[in-house]
Amino acid sequence: MCQRFLLLWSFLLLISCSGSGVNPPEEYKPVAVNLEIPTLFSQKLIAPVIPNDNPLTQEGIALGKKLFFDKQLSKNNRQSCASCHDPKKAFTDQQQFSDGVDGTFGTRNSMPLFNLAWNFDNRFTWGGKELGLERQALEPVKNPIEMHSNWTTVANKLQQDSEYPTLFLRAFGTSKIDSASITKAIAQFERTLISGDSKFDQYLLGNAQLTPEELNGFNVFMDEARGDCFHCHGSENNPLWTDNQFHNNGLDATFKDLGLGAVTGDPNDNGKFRSPSLRNLIFTAPYMHDGRFATLEEVINHYSEGLKNSPTVDPLMKKVNQGGVQLSPKDKADLKAFLLTLTDNDFVNNPSFQN
Amino acid sequence: MKLKNLIYLSFCLLFLGCTNDAEINLKPVSITFNFSHFWQSTAVTNADFNTIKFTNENGQQISIERLRYVISDIVLTHKSGQIVSLKEHNLVDVTNNQNLSFTTSKSIFPGEYTRVTFRFGFSNQDNVDGAYADLNTANFNVPSMLGGGYHYMQFDGKYLDVNSMEAPFNYHAIRAVDRADPNNPTFLDTSLVVDLGAVNVESNTQINVKMNLYEWFSNPNRWNLNLLNTVLMPNFSAQVQMSQNGANVFSLVNVTP
């Protein structure tokens with residue numbers, strides 16, 4: 001009797017499966033995207049980091065862009081990621097410190113966002129607190145001095161939105177929205193923010209000429225006896241123009257902000273901050289982790305005469321006891337001229353990155 | 001015609017020679033190099049960094065803050081006389097405890113090798129500016145005004161100067177360049193071939209090598225950090241002295257299994 005029942009059940013199951021009217025809808029497959037890597041990057045650098053669990057797709061990137069500009073991510077719907085990371089300003093805000101939704105100011109300068117997929121150690125923010133872009137994107141939404149919301153509220157808001165559930169379904173195969181899928185989408189968009197088309201890039205490709213001043217500035221940059229900038233900030237062979245490592249560059253004798261040391265707990269890391277890229281400096285003032293320098297002249301003067309000694313100052317900082325490398329006025333001016341050749345106007349005007 | 005016959009005969013003999021060799025049936029294996037670091041007999045890891053705790057031959061107290069170097073050009077001489085050259089390189093990064101163990105991506109046949117060598121740095125031939133994406137990404141390049149290519153080593157730290165104040169040193173080894181005539185620079189290959197002697201290669205062979213950091217400052221040139229501390233890359237004489245001191249820096253610990 002039992003065998004007959006099983007036979008009948010199997011038969012019914014088979015019929016139901018073969019019925020065309022009850023087939024589940026075919027799952028939507030998002031369209032895979034390969035990053036458009038600048039020629040010099042593909043020639044000189046190893047491949048960028050794309051996590052296996054968050055591959056780039058057209059739908060994910062578009063969703064990430066929409067979220068990046070969406071003020072619903074903040075407590076009072078008045079701030080988006082773009083409020084502090086403006087594409088027209090190389091994704092920073094040109095403020096020393098940014099104010100959050102409650103009018104509270106932070107203590108660090110908003111970092112520009114580009115070429116993030118080439119940060120191979122995957123440590124983000126000035127102090128290296130966030131391991132991975134997805135994890136970094138978790139932070140501002142819930143930070144009380146930034147967007148001051150919480151992820152449950154944000155996910156609920158987006159879930160009630162007329163567009164988002166469908167967009168998440170197409171990007172990630174589920175219309176259920178949560179912090180993980182939101183940050184994955186934002187990270188996908190951020191990985192597409194690539195800046196690699198400056199005058200200096202064109203010079204390296206043989207399509208542009210540098211002025212004598214710019215060339216001398218590059219030599220100052222590369223000369224161990226003068227600027228010695230290349231040990232931390234790249235070269236014609238490292239077009240990121242950063243080593244993405246953490247250094248104490250002699251800003252202070254004592255530290256109010258411990259930087260990497262606050263993350264690792266190691267006093268040997270106190271006062272160390274991540275080297276920023278030198279691309280797009282014209283858009284990213286003020287400078288340093290605390291935005292203390294309003295101009296590039298101030299930055300160059302710091303390395304030339306303003307270094308301060310401390311137990312963790314990087315040994316690559318030369319002549320600290322004399323304040324620095326003592327550049328001539330001409331070398332300073334030419335160094336600035338070279339640095340400005342790393343300006344990528346197409347990046348800040350790229351329509352793919354605008355709201 | 002005679003030449004063609006000779007070439008043909010050579011190939012035949014080579015082929016027969018190979019088929020008579022019992023080792024031809026063995027599966028090729030990779031070999032692993034493990035690098036450890038010492039200050040004389042005291043083991044050094046990155047946990048020892050950032051503290052002035054070492055004393056060099058010149059009596060100067062120093063700390064280590066950054067240490068990374070490249071090895072390349074592994075060459076094995078088989079007992080038959082055949083030479084196997086593995087054109088690979090590895091950036092040993094002691095600071096971040098990365099790549100202290102390096103397994104060759106290319107394989108060789110097991111057997112008795114009468115001589116195994118690797119190179120500290122790059123030979124002139126291999127020291128091609130911008131050619132290695134991993135080293136570009138690691139920011140290990142040498143400026144083109146110094147001939148380009150790559151650092152052999154970045155060894156940074158601090159020493160106590162004549163006033164007992166901490167001062168930086170950047171013991172950066174590169175191909176030596178003499179720029180006395182800037183329009184006609186001359187280069188000297190100051191990389192070092194490290195001879196590890198005979199090694200019997202089996203499956204899973206581990207070649208354990210140590211670097212004695214003390215040697216960089218002692219033999220034959222007693223290093224005075226008060227005189228030679230930073231901006232050593234363009235200093236031809238300093239580069240030659242580094243290379244001379246490097247002669248006894250590496251040694252074989254053992255080979256396992």
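Two residues are taken to be in contact if their C-beta atoms, placed from the backbone, lie within 7 Å. The exercises below use that cut-off on a predicted model.

**Exercise 1. Find which residues I186(A) touches, leaving out those up to four places away in sequence, and place this residue in a nonpolar core.**

Step 1. With sequence neighbours up to four places away set aside, the contacts of I186(A) are G64(A), L67(A), F68(A), C81(A) and A137(A).

Step 2. The largest nonpolar core has 73 residues, and I186(A) belongs to the group that touches the most other members, together with L67(A), F114(A), F168(A), A185(A), L193(A) and F221(A).

Step 3. Both domain 1 (39-194) and domain 2 (199-347) of chain A contribute residues to this core, and the core therefore lies between them.

Step 4. Another core, of 56 residues, lies apart from this one, and its members include V94(B), Y152(B), L213(B) and V249(B).

**Exercise 2. Describe how domain 1 and domain 2 of chain A are placed and which classes of residue domain 1 brings to their contact.**

Step 1. The domain assignment divides chain A into domain 1, residues 39-194, and domain 2, residues 199-347.

Step 2. Between the C-alpha centres of domain 1 of chain A and domain 2 of chain A there is a distance of 27 Å, and the contact draws 25 residues from domain 1 of chain A and 29 residues from domain 2 of chain A.

Step 3. On the side of domain 1 of chain A that touches domain 2 of chain A, the classes come to 10 nonpolar, 10 polar and five charged residues.

**Exercise 3. Work out why the buried residues of α7(A) can be said to line one face of the helix, and name helices that cover them.**

Step 1. Helix α7 of chain A spans residues 164-172, and its buried residues are Y164(A), L167(A), F168(A), A171(A) and F172(A).

Step 2. An α-helix has 3.6 residues a turn, so residues three or four places apart point the same way.

Step 3. Viewed down the axis of α7(A), the buried residues fall within an arc of 100°, and therefore they line one face of the helix.

Step 4. The cover over the buried residues of α7(A) includes α3 (58-68), α6 (151-160) and α8 (179-191) of chain A, while the residue that follows α7(A) is G173(A), with a positive phi near 80°.

**Exercise 4. Compare the reach of helix α14 of chain A with the expected value, and list its buried residues.**

Step 1. Helix α14 of chain A, residues 329-340, has 12 residues and reaches 17 Å from its first C-alpha to its last, which is close to the 16 Å expected at 1.5 Å a residue.

Step 2. Buried in α14(A) are D331(A), D334(A), L335(A), A337(A), F338(A) and L339(A), and among the elements that cover them are α10 (212-222) and α13 (296-305) of chain A.

**Exercise 5. Characterise the side of chain B that touches chain A, by element and by class of residue.**

Step 1. The contact between the chains involves 23 residues of chain B and 21 residues of chain A.

Step 2. At least two residues of the side of chain B that touches chain A come from each of α2 (133-137), β8 (153-160) and β9 (166-173) of chain B, and α2(B) gives the most, with four residues.

Step 3. Sorted by class, the residues of this side of chain B are nine nonpolar, nine polar and five charged.

**Exercise 6. Decide whether L160(B) and G197(B) are buried, partly exposed or exposed, and state what each touches.**

Step 1. A residue is buried if 20 or more other C-beta atoms lie within 10 Å of its own, exposed if 12 or fewer, and partly exposed in between.

Step 2. L160(B), in strand β8 of chain B, has 17 other C-beta atoms within 10 Å and is therefore partly exposed.

Step 3. Not counting residues up to four places away in sequence, L160(B) touches I52(B), Q60(B), Q61(B), M165(B) and E166(B).

Step 4. G197(B), in the loop between β12 (192-195) and β13 (199-201) of chain B, has 12 other C-beta atoms within 10 Å and is therefore exposed.

Step 5. With residues up to four places away in sequence left out, G197(B) touches R115(B) and L252(B); the C-alpha atoms of G197(B) and R115(B) are separated by 4.7 Å, although these residues are 82 residues apart along the chain.

Notes: Residues numbered from 1 in each chain as written. Chains lettered and ligands numbered in written order. Predicted model: local features only at pLDDT ≥ 70, side-chain atom pairs only at ≥ 80, totals over all residues. Expected span 1.5 Å × (residues − 1). Domains from an automatic or database assignment. Nonpolar A, V, L, I, M, F, W, Y, C, P; charged D, E, K, R; others polar. Core = buried A, V, L, I, M, F, W, Y, C linked by C-beta atoms within 7 Å. Arc of directions from axis to C-beta.
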